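Subject: Structure for you to look at

Dear colleague,

I am passing on the structure below, with notes on what was found in it. Please read them with the model open beside you.

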Amino acid sequence: MDIASAPPLSAPMVIGFDYTRSLGPVLGSFMTGLRERRVLGSRTSDGRIHVPPLEYDPVTHAPVTDLVEVLTTGTVISWTWTHRPLEGQPLAHPFGWALIRLDGADTTLLHAVDAGEPGRMRTGMRVRARWAANPVGHIRDIECFEPAETSPSQASARVAAPAPDAPVTTIVTPILLRYRHTASDQESRYLRALAEGRLLGGRCPACRKVYLPPRVCPADGVPTDEEVVVTDRGTVTTFCVVNVPFAGQRLDPPYVVAQVLLDGADIPLSHLILGCPAGQVRMGMRVAAVWRERAQWSHTPENIAHFAPTGEPDAPCESYADQL
Amino acid sequence: MSRQRAVAVVGFAQSPCRPEAGTTSGVETLVPVFQRALAEAGLARREVDFWCSGSCDYLAGRAFSFVNAVDAIGAYPPICESHVEMDAAWACYEAYVKILAGEADTALVYGFGKSSAGELPRVLALQLDPYVTAPLWPDSVSIAALQARLACERGILTERDMAEVAVRSRVDAAANPCAQVAGATTAETLLAAPYVADPLRAHDCAPVSDGAAALVLAASDRARELRDRPAWIAGMAHRIDPQGLGERDLAAVPSARAAAEAAGVAGDLDVAELHAPFTHQELLLRAALGLGDSVRINPSGGALCGNPMFSAGLARIGAAAEQVMSGRAGRAVGHATSGPALQQNLVCVLEAEQ
């Protein structure tokens, strides 16, 4: 299949990161309570007890300071059933989601109920918390709820409160999301050309500028459909020296990331400049692509390992002034 | 409130709702939508004073997607642009205020989203309270089911009522070329299907849709120049309920009721386009907005027949405006929702005369 008629490229993509969240006085106390297998609610000026707790009174808007313990048993106010639990949910086997009003609270908490089968779920059913074996001060210290008619499972048996520890002030909430990223037709042609060692730009039908990669022209709002082959050598328009180490870094600092305006293109691309000391890189420096071994080529700009100085005289500033 | 200026919808276009629309960026989807919306309004791209969009990076897992989307505008020389991390109906509100304030005479509002790139019900868990709710990853369908059961057990609606909403929506969607789900069916057929999340079945849930929409707004005389029969915005308001799902009455939708009152929904209405991603939510919204039986609900088929995230709410305003601009309605309402279980609601009242 030729490049022009092939379907868009797509690939799986996983995004994962941990949020570290500061808690403040109310949620900090709530999480500290969970670590001790206790549930705290907040009492607002109207006398209502909220679980999960509120940080501010919705009537007076004053900070909530009155925290009270409620029971770890409660009543299901509404429910549904999950036949195929999704990644990250409290249980890996089918379970019920429920809005649960804990005994002593006036509001409901959303959590999972390990009921075994949907036929056991009903509004008004009594449930109790099942605790994680090693609570740390996190909402998931409550592993799930279970029907209160059953005998308590081992983990939910009340244990002696652990020795007093520093209050919980932060929590970590991991995020993991899976996607399928799909390139546009133009990007796909660009990436397929890269896999053949070619750099394919697109010319805007209105302003005649050549974009690399081809895209919708940001000045005219129209696709740059006319394909233009661009050379793999060009001029450094601007650059930075990376001195800061960070997670996932592949090169030892200091090294240079530059904007390179390839000959024949009207927009620079971003890449590494290696092959000379970082301190020698300068605006106007002429550079050429250093391609990896052909066997390593794929649909990625990483086919070019980096750009290196060519030794040509520097390009005059006028030749790239529009890019600054 | 007395107003020096009036604001009207003068153009609307949307892309077809598709289960999978290719490119993740949204730019390519937006280009033809902009062209059609501007052509309908008789406005050139450079004549747009203000651009405002709604989208969310989490949807496609792509950082700064709204900045990339600006390519579709052609943002050179520099333009006046803004963005909301919500359905573009809220961008429409921002543009409406901008025009009322005299800072712009025309605006193009757009929303886009590729819901199919990720696992939508999980992605939407991230809009929940990040301390005590989102870490459990409750999916959007399960949360809607908790609301539906409350409404059923309180005697507000039945599973058959919900199925009949789906039937009517699909029949109406047959005339909508942008719809993703359409066609004749019966409540009996739909009710024979298994539960997805008890008491919700597949027909109770909007499909996962990719798509985009754009709306053109103009002020007073400019609107009259551009269009014989603009859809004047008689009132627009939005309200929000508490974040905690257990902190509000899920079956009453207080924020929708308050927004409808503030926008001035009361009075004779011909059409209401309600942004209800679940069948039971349409029924709850009808009650919250106080819509009588004479009001035609969702002649477009509604979000149940195509629910492109971040433009489905804007498309409801656009579809209501089209009813007015075409002369099929004299007074119409467009509604949008955002957040879990109808947490946030926006209501826009559109009229033929101003």
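Domain 1 of chain B and domain 2 of chain B bury about 3200 Å² between them, with carbon and sulfur atoms giving 67% of it, where buried area is the accessible area, for a 1.4 Å probe, that two parts lose on being put together, summed over both. Of the area that domain 1 buries against domain 2, B:Asp87, B:Trp90 and B:Arg229 supply 21%, more than any other three residues. This is a predicted model, in which local features need pLDDT of at least 70 and side-chain atom pairs count only at pLDDT 80 or more, while totals for chains, interfaces and linings use all residues. Residues are numbered from 1 along each chain as its sequence is written, chains are lettered from A and ligands numbered from 1 in the order in which they are written, and side-chain values use heavy atoms, with hydrogens and water left out.

The bounds of the two domains, 7-119 + 208-231 for domain 1 and 122-205 + 234-351 for domain 2 of chain B, come from an automatic or database domain assignment. Their C-alpha centres lie 22 Å apart, and 43 residues of domain 1 are in contact with 38 residues of domain 2, contact meaning heavy atoms within 4.5 Å. No salt bridge (a side-chain nitrogen of Lys or Arg within 4 Å of a carboxyl oxygen of Asp or Glu) is found by the rule across this interface of domain 1 and domain 2.

Between the chains, 58 residues of chain A are in contact with 52 residues of chain B, and the area buried there is about 4300 Å², of which carbon and sulfur atoms give 59%. A:Leu110, A:Tyr179 and A:Val216 supply 13% of the area that chain A buries against chain B, more than any other three residues. Here the rule finds one salt bridge; A:Arg215 forms a salt bridge with B:Asp71, their closest N and O atoms being 2.7 Å apart.

The largest pocket (an open set of points on a 1 Å grid over the protein atoms alone, where a 1.4 Å probe fits, with protein on both sides within 12 Å along at least five of seven lines; lining residues have an atom within 4 Å of a point) has a volume of about 1100 Å³, a volume being the space filled by probe spheres set on the points, which are joined across faces, edges and corners. Of its 49 lining residues, the closest to its centre are B:Leu120, B:Pro121, B:Leu124, B:Ser140 and B:Val141. Because both domains of chain B give residues to the lining, the largest pocket lies between them.

With kind regards
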